[in-house]
Amino acid sequence: MKKGDHLFLVDGSGYIFRAYHALPPLNRKSDGLPTNAVLGFCNMVWKLMQDARNTNVGITPTHFAVIFDYSSKTFRNELYAEYKANRSAPPEDLIPQFGLIREATRAFDLPCIEMEGFEADDLIATYCRLACEAGGDTTIISSDKDLMQLVGPTVSMYDPMKDRQIGIPEVIEKWGVPPEKMIDLQSLTGDSVDNVPGVPGIGPKTAAQLLEQFGDLDTLLARAGEIKQEKRRQAIIDNADKARISRDLVTLKNDVPVVEALGDLVLQPPNGPRLIGFLKAMEFTTLTRRVAEATDSDVATIDAAALTIETGDAAHGPDVGAGAPAAARAQTQPAVEQSATAAMDSSRGNVEGTVSGLVATRIQQAAVAKFDPTAYVCVRDVATLQSWIAEARETGTVAFRAETTSLDPMQAELVGFSLATRPGRAAYVPLAHRTADDDLLGGGMAPEQISFEAARDALAPLLADPSVLKIGHNVKYDWLVLRRHGLLMQPYDDAMLLSYVLDGGTAGGHDIASLADKWLGRAMIPYKDLVGSGKKLVTFAFVEIDRATSYSAEGADVAFRLWQVLKPQLAAKRLASVYERLERPLVETLAKMEERGISVDRQMLSRLSGDFAQRAAALEDEIYQVAGERFTIGSPKQLGDILFDRMKLPGGSKTKSGQWSTTAQVLEELAAEGYELPRKIVDWRQVTKLKSTYTDALPEYVNPSTKRVHTSYALAATTTGRLSSSEPNLQNIPIRTAEGRKIRTAFIADKGNKLISADYSQIELRVLAHVADIPQLKQAFANGDDIHAATASEMFNTPVEGMPREIRNRAKAINFGIIYGISAFGLANQLSIPREEASDYIKKYFERFPGIRDYIESTKASARELGYVETIFGRRIHYPEIRSSNPSIRAFNERASTNARLQGTAADIIRRAMIRVDKALEDAGLSARMLLQVHDELIFETAESEVEATIPVVREVMENAAMPAVALSVPLQVDARAADNWDEAH
DNA sequence: AGGTTGACATA
DNA sequence: GTATGTCAACCTT
């Protein structure tokens, strides 16, 4: 090696893990062998070798090597036995890829270097030194912070997934210290992943500050007494040894006796046929073609290579791949579900060939496509806006994103919007940005912006054009903001909902940033970077237009690309009907419900607040009296100390963090034994909870212009398909206690109107009776019997007439237990009985209802095999951890998955009802408006005169909501009532 | 200022 | 035993 030469060192082991987690699952089509990390690796190496202009590296390598860890045991374990001790085993579908990636390295004709007793990082450090001594430069292909200590004038790093160079300035920016101080910094912070201890309580910020102050670790440890902050000083003095051990662990060894010399690492031109043979064997069609073009080879004449390594029994492994054999899976569907989905899904039959080919191509393209924020356009005049609109008309698809003054769509004013017409081509249109300084009213309008009216007139025809598909992410928000500005957006697709349907239950949220990271490998600009936080929070109107452009156009660009990746997967996975019938139509339904809002009686709430405050104050006095001291009653920690340490009350139990538990259950038990204080605490908690969460908080949510409360429903928040409600949460308004119910009476109909509450009776048990096909339960529901009494009668051979309350309650608890995925532990807890007794109940229950045990077992087995469960409408809910070797994690996933089929099916049914009910009311000439959904209950507001006509329409829609997709073998029953307030209507 | 924990409201 | 969201206290940065 000589001056001017350039060595590329790929951190192979680091890349494997990162690629595995960053890239969507991918399986070899012929046998399901997992290959996502292998594909990522091959794409990356090919790009690096092929042409440095493709990446930010901008340098062509002369020498090239891929470095791996040999095993998990190294000399560092001698130094510190705990080193990397808490590493868990790699995921199952990653294991076969370790060998494949080494094989890939050899197929590229690259040196594949590893050495027993040393980590890849030590080998990298050694080659960096050798290259430097020979006068050459080095680029380390990795973003691992452990390697940043090597960065210097001749050594830099390159993050292949973010396409980013890491040199001395980047290290300083990220960690606050130059590379040569990284070792000292890591010695202080430690590393929880590698189990490097560091100094507890010292994070990167503090460490950087200390090193800035003292220069280096040795000086810091020697002069630790000078540190002003008491806790910090003590921590460093007490843990100096740990810091020194940590330094030994994080310092990379740069004198490993390596076998391959630098001369052995000279980069050879690619051996086309050999590489193509391997890529063919992996079934990487796109990359195979690319390599063939670049090396001028004929793919057809090259045979797929025989792999030399053991790839394991992958064909029977989990089938979670994006390009997975959906057709094969369809044949294993239970017949009942098959018919349900078949009835709904018109796009079936087209699952293989073109569709899955498109899916694979799109995923690959998206993962490697570049982002160029400088290419985004800022539109300042109507003519340019018109040209973008014309472009959107031509392509027929356009991503849209609104920027506003508020996260609350009911208060948001439009500040600007973005359009994207294809990946990388996006424009931001500022409308109402303001300047920061200027007058007292909060600044003047920024110059050179299109007026809202002009933009609206230009945009309206495009947004409403039935032949142009609008793409968004969380469309409900944009749809509602636009509607409030007089604009209708239709038709649309929502990337968030696509992800929710495709990947419900898998780790990671469906927010745009997570999806951009997951599918596009793109770290988006955080919203907070623009608007700040805390005291410095500003509305989007005060964001500089240049920054707003980069941010907002990126949002539209990302939405467009996500849609390209996700939409084709719907058909390939037979989920198109779930998206089209259960998700997308709800956007508009929910937006309208949110827009309508509900009236609350503020006077009543304020009066209740006063009552609760008085009651709480009285209880506080009594509590201090009995306790003999004043303390913070709301602090479980202080309360636990007083009850169990100072007053020595019996029967205390601990929470998982080791504190005394002071839950209502514990306090109730103590109260039952005659202690005075616990009862008062329980009462105090109830009153303060009602006050702070409801009577104080609700009036704050009354919208100043509509005078009503507008909740926000999340469509993609729950794993099971339920909605969730927030700001305020109107799905947990009290009902169980008399005090709490008073809050419900504050939800009222407007003058001349009534509220109608319509709720499904026992919907989840009915779903259970249907899917598990239980004759006794079906009969009981058909008869209209009291289902808990019927269960008790069957279990205990007791007639329903004259049945003691207690017996029915037990059956009721068991019925709920079945829905929740029963365990003896949980049932015992619920009924306050010994576990053995609970166990006997369950046994008896299964004897009488063997079909339910069979149903639970078959659900678990299928969830275990497929990695997901399905509702009867085909919604898929993933449980990737159901095969965990940890018994408690596994058991939890089993309970959750059995519950999800029932809860999810019930959620799907009410979704279907909600989607249909508006039209049914309209067709019946009724003016009732749906306001709220509480999982199995719908609340409407309607003119008093129409109540009698409305109830049968609502009931009809709800009771027949499963039809025609599924004909339930159990009737659905809906109870409905009208009143002036929610409490009396329910 | 932001995140975590324990408690508790609902279906 | 399932699924959520909010609040107050407390801890860390």
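A residue counts as near a DNA strand if one of its heavy atoms lies within 4 Å of it. With that cut-off in hand, the surfaces that the protein offers to its two DNA strands can be described, bearing in mind that the model is predicted.

DNA strand B is a good place to start. It is surrounded by 26 residues, and the closest of them are Ser533, Ser657, Thr662, Ile735 and Arg736. Among the secondary-structure elements, helix α28, which spans residues 676-695, makes the largest contribution to the surface near DNA strand B, with four residues. Sorted by class, this surface has ten polar, eight nonpolar and eight charged residues. On the DNA side, sugar or phosphate accounts for 85% of the atoms of DNA strand B within 4 Å of the protein, and bases account for the rest.

Individual polar contacts to DNA strand B show both parts of the nucleic acid being reached. Threonine 662 places a polar side-chain atom 2.7 Å from a phosphate oxygen of DNA strand B. Arginine 736 instead uses its backbone, with an N or O atom 2.8 Å from a phosphate oxygen of that strand. A base is approached by asparagine 732, where an N or O atom of the side chain is 3.0 Å from a base nitrogen of DNA strand B.

Turning to DNA strand C, 37 residues lie around it, and those that come nearest are Ser635, Ser724, Glu727, Ala813 and Phe825. Several elements each supply at least two residues of this surface, namely α28, β15 (724-726), α33 (805-820), α34 (824-831) and α37 (887-923). Helix α28 thus appears in the surface near DNA strand B and in the surface near DNA strand C. By class, the residues near DNA strand C divide into 22 polar, nine nonpolar and six charged. Of the atoms of DNA strand C within 4 Å of the protein, 75% are from sugar or phosphate, with the remainder from bases.

Three polar contacts illustrate how the protein meets DNA strand C. The side chain of serine 724 has a polar atom 2.7 Å from a phosphate oxygen of the strand. Glutamine 903 also contributes a polar side-chain atom, 3.1 Å from a sugar or linking oxygen of DNA strand C. For tyrosine 820, a polar backbone atom is 3.3 Å from a sugar or linking oxygen.

A backbone detail belongs with this surface. Glu727, one of the residues that come nearest to DNA strand C, is joined to proline 728 by a cis peptide bond with omega of about -5°. Proline 728 sits in the loop between β15 and α29 (738-744). Another cis peptide bond runs from methionine 963 to proline 964, with omega near -5°. Here proline 964 is found in the loop between α38 (947-959) and β22 (974-979). A further backbone feature occurs at glutamate 448, a residue other than glycine whose phi is positive, near 55°. Glutamate 448 is in the loop between β10 and α18 (452-464).

The fold also includes an open sheet of six strands in the order β3-β2-β1-β4-β5-β6, with mixed pairing. Its edges are β3 (112-113) and β6 (164-166), each of which pairs on one side only. Within this sheet, β1 (residues 6-11) and β4 (residues 137-141) run parallel and share five bridges. Leucine 7 is found opposite threonine 138 in β4.

Another open sheet of six strands follows the order β7-β10-β9-β8-β11-β12, again with mixed pairing. The edge strands in this case are β7 (377-378) and β12 (492-494), pairing on one side only. Strand β7 runs parallel to β10 (residues 425-430), to which two bridges join it. Valine 377 has alanine 427 of β10 as its bridge partner. Helix α17 (residues 382-395) packs on this sheet, touching β7, β8 (397-404), β9 (414-422) and β10, and its direction makes about 45° with that of β9. Helix α19 (residues 475-484) packs on the sheet as well, in contact with β8, β9, β11 (469-472) and β12, at about 70° to the direction of β8.

Finally, the structure contains 16 aromatic pairs. One of them is formed by phenylalanine 747 and tryptophan 982, an edge-to-face pair with 5.4 Å between centres and 80° between the planes. This pair links distant parts of the chain, since phenylalanine 747 is in strand β16 (residues 747-748) and tryptophan 982 is in helix α39 (residues 982-985), 235 residues apart.

Notes
Residues are numbered from 1 along each chain as its sequence is written. Chains are lettered from A and ligands numbered from 1 in the order in which they are written. Side-chain values use heavy atoms; hydrogens and water are left out. A polar contact is a pair of N or O atoms within 3.5 Å; within protein, one must be able to donate a hydrogen and the other to accept it, and residues adjacent in sequence count only if both atoms are side-chain atoms. Ala, Val, Leu, Ile, Met, Phe, Trp, Tyr, Cys and Pro count as nonpolar, Asp, Glu, Lys and Arg as charged, and the others, Gly among them, as polar. Two strands pair if DSSP finds at least two bridges between them. Contact means heavy atoms within 4.5 Å. Axes are lines fitted to C-alpha atoms, for helices over the stretch in contact, and angles run from 0 to 180 degrees between N-to-C directions. Rings of Phe, Tyr and Trp (its six-membered ring) pair if their centres lie within 6.5 Å; planes under 30 degrees apart count as stacked, over 60 as edge-to-face and the rest as tilted.
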